[in-house]
Amino acid sequence: MGQDEDNWAASLPDDLLVDILGRLAPRWLAVSRSVCKAWQATIDARRLLRTDRLPLRLGGIFMYFSFHKFPEFFSRPGTPITGKMDFLPSANKKRSEVQDHCNGLLLLQDEDAGIPKYVVNPATRHWDSLGNSPPIRVMGVEFSSDGYLAFDPMVSPHYEVFMIPYIPWMREGEHLDPSIEESEWPPATFILNVFSSRTHCWEPRSFHREGDALGTIAEMRAQGATSNEYTETHLGRSAKGVYFAWIYECKLQVLILDESCGKMKWMLKQDHNLVLPYHKSDQHGPWVLKDMNFNYFRHRIPTYMYRKEEAISDEDEFEWSSDDDRDIIANRDMAKEQCYDGDITILGFHPFKEIIFLLLVGLKTPLAYNYNSFKAEVLGKVKPTGYEYFMLPNDARTIEGFPYVPCWLEEIPSNTQSTKFAKKKTQSRSSS
């Protein structure tokens with residue numbers, strides 16, 4: 001920037017400059033700090049760029065269990081976040097089921113219909129209602145669809161929800177019209193329903209496929225039917241981009257998407273046996289489960305089931321901590337390691353480090369596993385108090401989860417509906 005432009009930028013009244021800069025997304029606000037020293041001083045003095053409010057730090061892991069009303073939160077003690085969604089209008093009637101998540105926001109679905117209903121920020125307890133999405137028709141046939149949330153506060157304060165149709169599964173003897181079964185998937189042109197927080201309504205949006213189709217609808221359904229049900233897979237973002245991981249018979253593979261040179265291809269990053277350190281079935285760790293669903297059914301269970309898990313506060317107990325930012329050198333002692341022979345669920349990737357979170361299902365033990373150094377940290381136990389009261393068979397006691405990065409921006413979501421709902425509750429209490 002030249003001296004004249006620099007003097008012009010510095011000559012703007014301070015209050016006017018703050019008003020203008022305060023309307024920028026954090027990404028562009030960070031760029032504005034380099035315009036001139038006056039702008040940098042104003043942004044820093046007025047604390048316009050609040051990086052502590054952005055989703056830049058792992059908060060914990062959301063976990064949901066079969067028949068629990070709300071998702072549980074698994075984290076270090078003292079984290080001011082829970083999965084208690086009792087501020088939603090339907091909280092007293094239905095379970096809060098997470099369909100998707102992105103940069104601190106959760107997409108909750110209707111328990112009965114399986115369609116997106118709310119976008120929620122559990123850190124600030126703000127929420128938006130989405131209304132009903134119109135049905136999606138592909139080649140004249142109504143297809144079921146799942147909702148996916150897109151949100152990046154570094155780029156925009158607005159989020160979008162995309163309804164992506166999926167190929168319907170057919171019972172034996174059932175089939176679609178032959179012309180549809182032989183159609184390409186995905187189609188060359190897709191009309192998707194998209195909800196934008198900018199307009200606060202659903203609208204159709206056209207998308208065009210890049211590259212060749214994966215196959216026909218019939219071929220894609222056949223591939224899904226023959227896939228190995230014992231293979232655990234996960235796709236997600238982590239330290240250096242988009243990663244894909246799969247586990248089969250204690251073998252872990254991790255791939256990263258290479259988007260250089262204008263082309264996309266998967267590059268193998270790790271391929272080794274997943275050998276984990278020996279640990280006791282009752283071993284604790286530095287993280288604890290908030291365990292707040294217990295309060296909703298404690299009156300129905302015996303008092304001997306009231307014992308809660310506690311965290312270990314002495315971090316010297318652990319050989320390695322996933323919170324440690326130092327480089328780790330592989331030093332495996334195979335005599336003290338073993339291959340866990342039970343089911344392993346991939347909870348997700350650490351958003352900022354090359355670490356994958358695993359759940360040893362039988363032991364109800366989450367691990368943080370550094371697949372570069374082969375180090376593993378036992379985070380704690382995720383056994384909700386009184387959960388065995390439900391007497392569910394093992395295959396019905398589903399435990400799922402995902403790493404959560406909190407977003408502390410108060411204005412996201414926009415809270416048009418949540419403000420009205422809060423006022424309505426206040427008025428009803430006053431009248432009573």
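In what order do the four strands β15, β16, β17 and β18 form an open sheet? In this predicted model, the strands are arranged in the order β15-β16-β17-β18, and their pairing is antiparallel. The edges of the sheet are occupied by β15 (232–238) and β18 (265–273), each of which pairs on one side only, and the twist from one strand to the next averages 20 degrees. Within this sheet, strand β17 (residues 251–258) runs antiparallel to β18 and is joined to β18 by eight bridges; across this pairing, V254 of β17 stands opposite Q270 in β18.

A further open sheet, with antiparallel pairing, is formed by four strands in the order β22-β23-β24-β25. Here the edge strands, pairing on one side only, are β22 (344–349) and β25 (375–378), and neighbouring strands are turned against each other by 25 degrees on average when direction is ignored. Strand β24 (residues 365–370) and the edge strand β25 run antiparallel and are joined by four bridges, with V378 in β25 serving as the bridge partner of L367. In general terms, the strands of a sheet pair through backbone hydrogen bonds, and they do so in either a parallel or an antiparallel manner.

Strands β5 and β6 form a hairpin in which four residues lie between the two strands. The two strands run antiparallel, with four bridges joining β5 to β6 (residues 126–129), and S129 in β6 is the bridge partner of Y118. In the turn of this hairpin, R125 has a positive phi of about 60 degrees.

Y118 also appears in the description of the interior space of the model. By the rule applied, the count comes to one cavity of 30 Å³ or more, and the largest cavity holds about 90 Å³ of space. This cavity is lined by 13 residues, of which S90, R95, S96, Q109 and Y118 are the closest to its centre. Strands β4 (105–109) and β5 (116–121) each supply at least two residues of the lining. In chemical character, the lining of the largest cavity divides into six charged, four nonpolar and three polar residues.

Among the helices, the axes of α2 (residues 14–21) and α4 (residues 37–45) come within 11 Å and cross at roughly 75 degrees. Because angles of 65 to 115 degrees count as roughly perpendicular, α2 is described as roughly perpendicular to α4. The contact is made on the α2 side by D14, L17, V18 and L21, and on the α4 side by W39, T42 and I43. Five of these contact residues are nonpolar, one is polar and one is charged.

Two features of backbone geometry occur in loops that adjoin strand β12. The peptide bond from W185 to P186 is cis, with omega near -5 degrees, and P186 is placed in the loop between β11 (184–185) and β12 (189–196). In the loop between β12 and β13 (201–208) lies H200, a residue that has a positive phi of about 55 degrees although it is not a glycine.

How values were computed: Residues are numbered from 1 along each chain as its sequence is written. This is a predicted model: local features need pLDDT of at least 70, side-chain atom pairs count only at pLDDT 80 or more; totals for chains, interfaces and linings use all residues. Side-chain values use heavy atoms; hydrogens and water are left out. Axes are lines fitted to C-alpha atoms, for helices over the stretch in contact, and angles run from 0 to 180 degrees between N-to-C directions. Angles under 35 degrees count as roughly parallel, over 145 as roughly antiparallel, 65 to 115 as roughly perpendicular and the rest as oblique. Contact means heavy atoms within 4.5 Å. Ala, Val, Leu, Ile, Met, Phe, Trp, Tyr, Cys and Pro count as nonpolar, Asp, Glu, Lys and Arg as charged, and the others, Gly among them, as polar. On a 1 Å grid over the protein atoms alone, a cavity is a set of points where a 1.4 Å probe fits but cannot get out, and a pocket is an open set with protein on both sides within 12 Å along at least five of seven lines; lining residues have an atom within 4 Å of a point. Grid points are joined across faces, edges and corners, and a volume is the space filled by probe spheres set on the points. Two strands pair if DSSP finds at least two bridges between them.
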